[in-house]
Amino acid sequence: MLTPFTVIDFQEVPDMPKANVRDYGATGAGSPNDDTAACQAAIAAVEASGGGEVLFPAGTYWIPSGLAVNADAVNLVGEGRGNTRLTGTPGVTTLVQIGGTRTSGPFRCGVRRMQLDTAAVGIHVGYGSTNTILDELVMMSVTYAIRNVGDYTTNPVRGNQGTSIRFCELTFTGIGIYNYCASEVYIHEVVLSGNQNAVGARFDSGSNAVYASKMNILSCLYGFFVVDDAGISPNPTGIIANPSQFFLSSILGDTSWTAGLYFDRCYQIMMHGCWGSGSRAGYGLVIGPGVDELEFNGGHIISNSSHGVLINN
């Protein structure tokens with residue numbers, strides 16, 4: 001039984017199939033050498049083998065068209081965040097897309113031990129994906145770092161489940177972690193750095209059972225942001241529930257222009273040892289009119305200007 005702040009670990013099997021992208025023609029020499037086709041060929045080989053690891057040796061791989069993973073148990077593995085780098089085209093490329101092209105979605109896929117930068121989206125976890133593991137990643141110069149987006153507008157329901165994000169450093173201009181129609185989300189030891197127009201971590205309609213610990217969210221418009229937003233695309237239907245069941249420990253929403261911690265139209269929020277601080281006219285903590293069952297234990301709410309907590313705005 002999963003308890004708050006449980007982190008799903010990656011279990012490596014010694015004899016699992018492996019494919020090295022260099023063996024399929026990838027150069028690792030960066031732009032203008034397009035390594036998309038070679039890396040996708042290595043992924044296809046592992047998918048055909050029933051799952052395994054796609055190995056990215058140290059180097060810079062220019063992937064302007066992005067990579068897609070659509071079969072179970074496929075893991076993209078680098079040689080460390082300072083050694084393996086995937087890069088794309090600014091504002092255009094989704095560097096890695098997991099799922100989103102079949103009804104059930106892939107099971108137990110992941111991306112580990114690498115840097116992803118210069119793209120519109122670092123990693124997109126598409127609808128129906130289950131137990132995705134994103135581990136030891138650095139992202140820079142991206143609009144969205146991680147998008148965990150399910151789909152509750154169709155039948156059968158294709159919500160994501162069990163996404164784990166841990167030991168990551170994300171720098172972005174839009175949203176660091178975006179969660180929509182996804183449940184059982186585990187976030188541990190993640191640093192998010194944005195700007196005065198960015199949102200650190202946003203949880204929208206259909207987000208539930210979120211376990212987050214040791215998150216540092218720095219210099220964003222909003223730090224940790226939870227709201228049921230009926231205006232987002234795809235347009236939610238009546239079967240999408242408000243965000244619910246958030247178990248938060250040691251979340252730092254620091255120097256936010258609007259709010260370090262923001263909750264509206266959601267319920268069952270438990271915070272322990274959390275810190276929210278606003279910058280200029282920003283608030284440390286905002287509790288909107290649609291919040292039900294919020295508990296705050298052992299934390300700090302401060303402001304660098306004149307505001308601390310705003311309740312029922």
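How many aromatic pairs does the structure hold? The structure, which is a predicted model, holds eleven aromatic pairs, and two of these pairs are described below together with the secondary structure that carries them.

## Overall composition

The protein contains one helix and 24 strands, and buried residues make up 54% of its 313 residues. Among the contacts with a separation of 6 or more, 67% are accounted for by residues that stand 24 or more positions apart. The accessible surface of the protein comes to about 12000 Å², and 49% of that surface belongs to carbon and sulfur atoms.

The structure holds zero disulfides. Two cysteines may be set beside that count: C168 is buried, with a relative accessible area of 1%, and C181 likewise counts as buried, at 0% relative accessibility.

## Aromatic pairs and a ring cluster

One of the eleven aromatic pairs is formed by F203 and F246, whose rings are arranged edge-to-face, with 5.4 Å centre to centre and 85° between the planes. F203 lies in strand β14, which covers residues 199-203, while F246 lies in strand β17, which covers residues 244-256, so the pair ties together parts that are 43 residues apart in sequence. Both F203 and F246 are buried. A second pair, made by Y211 and F247, is stacked, with 5.1 Å centre to centre and 10° between the planes. This pair also links distant parts of the chain, since Y211 belongs to strand β15 (residues 208-218) and F247 to strand β17, 36 residues apart. Y211 counts as buried because its relative accessibility is 12%, and the threshold for that class is under 20%.

Beyond single pairs, F203, F224, F246 and F263 are linked by ring pairs into a cluster. A charged side chain also meets an aromatic ring elsewhere in the model: R147 lies over the face of Y144, at 5.2 Å from the ring centre.

## Helix α1 and its surroundings

Helix α1 comprises residues 36-48, 13 residues in total, and reaches 18 Å from its first C-alpha to its last, which is close to the 18 Å expected at 1.5 Å a residue. The buried residues of α1 are T36, A38, C39, A42, I43 and V46. These buried residues pack against six strands, namely β1 (18-20), β2 (29-34), β3 (52-55), β4 (59-62), β5 (67-69) and β6 (74-77). Just after α1, G50 takes a positive phi of about 90°.

Strand β2, one of the strands against which the buried residues of α1 pack, is also the place of P32. A cis peptide bond joins S31 and P32, with omega at about 10°.

## Positive phi outside glycine

Where does A209 lie, given its backbone geometry? A209 is found in strand β15, and it has a positive phi of about 55° although it is not a glycine. A209 is buried, with a relative accessible area of 7%. Strand β15 is also the strand of Y211, which pairs with F247 in strand β17.

S219 is another residue other than glycine with a positive phi, here near 55°. S219 lies in the loop between β15 and β16, the latter covering residues 222-227. At 29% relative accessibility, S219 counts as partly exposed, whereas A209 is buried.

## The loop around G88

G88 has its place in the loop between β7 (84-87) and β8 (94-98). Is this loop glycine buried or exposed? At 6% relative accessibility, G88 counts as buried. Once its neighbours within four places in sequence are left aside, G88 is in contact with W62, I63, P64, T93, L95, D117 and T118. The C-alpha atoms of G88 and A119 are separated by 5.1 Å, although the two residues stand 31 residues apart along the chain.

Key: Residues are numbered from 1 along each chain as its sequence is written. This is a predicted model: local features need pLDDT of at least 70, side-chain atom pairs count only at pLDDT 80 or more; totals for chains, interfaces and linings use all residues. Side-chain values use heavy atoms; hydrogens and water are left out. Rings of Phe, Tyr and Trp (its six-membered ring) pair if their centres lie within 6.5 Å; planes under 30 degrees apart count as stacked, over 60 as edge-to-face and the rest as tilted. Helices (H or I, at least four residues) and strands (E, at least two) are DSSP runs, numbered from the N terminus. Buried means under 20% relative accessible area, exposed over 50%, partly exposed in between (1.4 Å probe, protein chains only). A charge sits over a ring if NZ of Lys or CZ of Arg is within 6 Å of the ring centre and within 35 degrees of the ring normal. The expected span of a helix is 1.5 Å times one less than its number of residues. Contact means heavy atoms within 4.5 Å. Accessible areas come from the Shrake-Rupley method with a 1.4 Å probe; for residues, only the protein chains shown count as cover. A disulfide is a pair of cysteine sulfur atoms within 2.5 Å.
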